[in-house]
Amino acid sequence: MKFSYNWISELVEGLDLTPRDLERLLTMKTAECEGIEDVGALLASASAAKVLSVEPMGGHNQKAVVETARYGVKTVVCRAPN
């Protein structure tokens, strides 16, 4: 069974343990924990983008120029028809 650390911290008032310390405590007092998964790490560097222009590259690929607050203006290649 998987539990969200954020969800547990909402339910347990005054929780001041790190996820790793909570894992150890649960293992010692309740049931063995198999590990901790950091699910937000891949999205930490994500950024919303405004499409400035799109042009076909041949085949199904599109070349798009996008503007992001974090990375500035970038050129990307995608297969999305929209």
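Glu67 sits in strand β2 of what is a predicted model. With a relative accessible area of 39%, Glu67 is partly exposed, because that value falls between the 20% and 50% limits. Setting aside residues up to four places away in sequence, Glu67 is in contact with Ala48, Ala49, Lys50, Leu52, Gly72 and Val73. Glu34 is 33 residues from Glu67 along the chain, and the C-alpha atoms of the two are separated by 41 Å.

Thr68 also belongs to strand β2, which covers residues 61-68. Thr68 has a relative accessible area of 10% and is therefore buried, the cut-off being under 20%. Beyond the neighbours within four places in sequence, the contacts of Thr68 are with Ser47, Ala48 and Ala49. Ala48 and Ala49 thus appear in the contact list of Thr68 and in that of Glu67. The side chain of Thr68 also reaches the backbone nitrogen of Tyr71, at 2.8 Å.

Helix α2 holds another glutamate, Glu23. Glu23 has a relative accessibility of 13%, so this residue counts as buried. Apart from residues up to four places away in sequence, Glu23 touches Cys33, Glu34, Gly35 and Ile36. Glu34 is the residue whose C-alpha atom was placed 41 Å from that of Glu67 above.

Gly35 and Ile36 lead on to the largest pocket. Together with Lys2, Phe3 and Ser4, Gly35 and Ile36 are the lining residues nearest the centre of this pocket, out of 21 that line it. The elements that contribute two or more residues to the lining are α1 (5-11) and α2 (19-29). Of the elements, α2 gives the largest share, four residues. The volume of the pocket is about 840 Å³. Sorted by class, the lining consists of 11 nonpolar, four polar and six charged residues.

Phe3, one of the residues nearest the centre of the largest pocket, also takes part in an aromatic pair. The count for the model comes to one such pair. Its members are Phe3 and Trp7, with ring centres 6.1 Å apart and planes at 5°, so the rings are stacked. The angle is what decides this, because planes under 30 degrees apart count as stacked. Trp7 has a relative accessible area of 43% and is therefore partly exposed.

How values were computed
Residues are numbered from 1 along each chain as its sequence is written. This is a predicted model: local features need pLDDT of at least 70, side-chain atom pairs count only at pLDDT 80 or more; totals for chains, interfaces and linings use all residues. Side-chain values use heavy atoms; hydrogens and water are left out. On a 1 Å grid over the protein atoms alone, a cavity is a set of points where a 1.4 Å probe fits but cannot get out, and a pocket is an open set with protein on both sides within 12 Å along at least five of seven lines; lining residues have an atom within 4 Å of a point. Grid points are joined across faces, edges and corners, and a volume is the space filled by probe spheres set on the points. Ala, Val, Leu, Ile, Met, Phe, Trp, Tyr, Cys and Pro count as nonpolar, Asp, Glu, Lys and Arg as charged, and the others, Gly among them, as polar. Buried means under 20% relative accessible area, exposed over 50%, partly exposed in between (1.4 Å probe, protein chains only). A polar contact is a pair of N or O atoms within 3.5 Å; within protein, one must be able to donate a hydrogen and the other to accept it, and residues adjacent in sequence count only if both atoms are side-chain atoms. Contact means heavy atoms within 4.5 Å. Rings of Phe, Tyr and Trp (its six-membered ring) pair if their centres lie within 6.5 Å; planes under 30 degrees apart count as stacked, over 60 as edge-to-face and the rest as tilted.
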